[in-house]
Amino acid sequence: MDFNLLVEKVNSLPSLPQAYHKCCHLLEQEVTDSAALAKVVNTDPGMTMAVLRLVNSAFYSLPRKIERLDHAISIIGQDKFRDLILTASVVEAMSRLAGGEINMEAFWRHSVLTGLLARRIGLYCYLPNSERLHIAGLLHDVGQLIYFNLLGTKALKICELVSKLGIEPRIAEHKVLGFTSHQIGGALCRAWNLPDWLTETVENHHQPSNSERFEQEASIIGLANNIAGQHFPGITSLGSFNAMVKVQHEIEEVHTGLNLSSDEIEMATEEALEQLDSVLSSLNPELSSVS
């Protein structure tokens with residue numbers, strides 16, 4: 001399929017919930033009333049439940065349970081609340097893309113761990129707003145969901161090249177499709193009118209130097225993706241030992257470029273793995289925990 005034709009199909013996919021866009025409009029005002037924000041989100045029961053589950057998860061590790069949205073806003077602040085509703089919106093929208101041969105448990109486990117790792121790595125890099133990297137981690141492989149959904153036969157061919165020949169997923173994608181999942185992910189981010197930092201990070205996490213303004217963010221997502229893949233491979237790498245072995249050199253190269261020590265990478269990984277089941281169940285309660 002021609003990439004431009006696929007982009008047209010991407011543009012016709014369901015958009016993010018209206019409650020998210022209304023909240024963004026409110027947050028663009030000079031003064032935003034927290035009660036008004038909570039009122040908007042409360043119009044969407046699914047989003048309300050998702051936001052409360054996440055704010056009460058290990059992601060925030062708050063000392064007491066939060067039962068009302070206005071309390072959540074007062075504790076974490078409006079900027080973090082924006083990220084929270086974006087996370088809930090993205091998860092809902094991506095869940096609607098599930099279908100065909102997609103192993104959604106593998107997809108979510110890899111994506112959530114990538115987001116948690118990116119958040120921790122961002123902190124060790126002293127990156128401002130590092131918490132928002134969690135969203136980029138959730139979205140980094142969304143392009144794979146789309147081609148599994150729209151191009152099932154070709155998706156299986158990509159998996160076959162990765163699992164049997166040990167070809168890197170992005171190279172297999174380009175061989176079969178003529179483009180990559182991160183290009184598709186960038187197109188979806190634009191269709192959803194997501195922030196530039198998020199679009200560029202998702203689109204360039206395999207080649208961070210291509211990002212004009214967010215090379216560090218893209219590098220962190222790329223590193224987090226590779227580390228997560230060693231614990232829970234993405235949906236195109238399932239069963240591919242060679243695909244996992246090949247990323248070790250990339251991990252060492254990137255964490256050196258980010259001025260991170262091996263100890264910091266190890267600590268970030270341990271911290272992310274400790275949070276994984278709690279955050280995963282808050283985002284998708286249907287997934288069972290893995291011991």
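This short report walks through the overall build of the chain and then visits one residue, Glu203.

**The whole chain**

Welcome to a predicted model. Its secondary structure consists of 17 helices and zero strands. If you turn the C-alpha trace along its principal axes, you will find that it spans about 55 × 45 × 40 Å. A compact globule of 291 residues would have a radius of gyration near 19 Å, and the chain's 18 Å agrees with that.

Some further values for the chain are gathered here.

| Property of the chain | Value |
|---|---|
| Share of the 291 residues that count as buried | 54% |
| Share of contacts between residues at least 6 apart in sequence that join residues at least 24 apart | 69% |
| Share of the exposed area supplied by carbon and sulfur atoms | 49% |

The exposed area itself comes to about 13,200 Å². As for charges, the chain carries 22 positive and 35 negative ones, and the mean positions of these two groups are 6 Å apart.

**A closer look at Glu203**

Now let us step inside to a single residue. Glu203 belongs to helix α13, which covers residues 196–204. Is Glu203 buried or exposed? Its relative accessibility is 19%, and because buried means under 20%, Glu203 counts as buried.

Who are its partners? Setting aside neighbours within four places in sequence, Glu203 is in contact with His182, Gln183, Gly186 and Arg190. With one of these, Arg190, there is also a polar contact: the side chains of Glu203 and Arg190 are joined at 2.7 Å.

Methods. Residues are numbered from 1 along each chain as its sequence is written. This is a predicted model: local features need pLDDT of at least 70, side-chain atom pairs count only at pLDDT 80 or more; totals for chains, interfaces and linings use all residues. Side-chain values use heavy atoms; hydrogens and water are left out. Helices (H or I, at least four residues) and strands (E, at least two) are DSSP runs, numbered from the N terminus. The radius of gyration is taken over C-alpha atoms; the globule rule is 2.2 Å times the number of residues to the power 0.38. Buried means under 20% relative accessible area, exposed over 50%, partly exposed in between (1.4 Å probe, protein chains only). Contact means heavy atoms within 4.5 Å. Accessible areas come from the Shrake-Rupley method with a 1.4 Å probe; for residues, only the protein chains shown count as cover. Lys and Arg count as positive and Asp and Glu as negative; His and the chain ends are not counted. The place of a charge is taken as NZ of Lys, CZ of Arg, CG of Asp or CD of Glu. A polar contact is a pair of N or O atoms within 3.5 Å; within protein, one must be able to donate a hydrogen and the other to accept it, and residues adjacent in sequence count only if both atoms are side-chain atoms.
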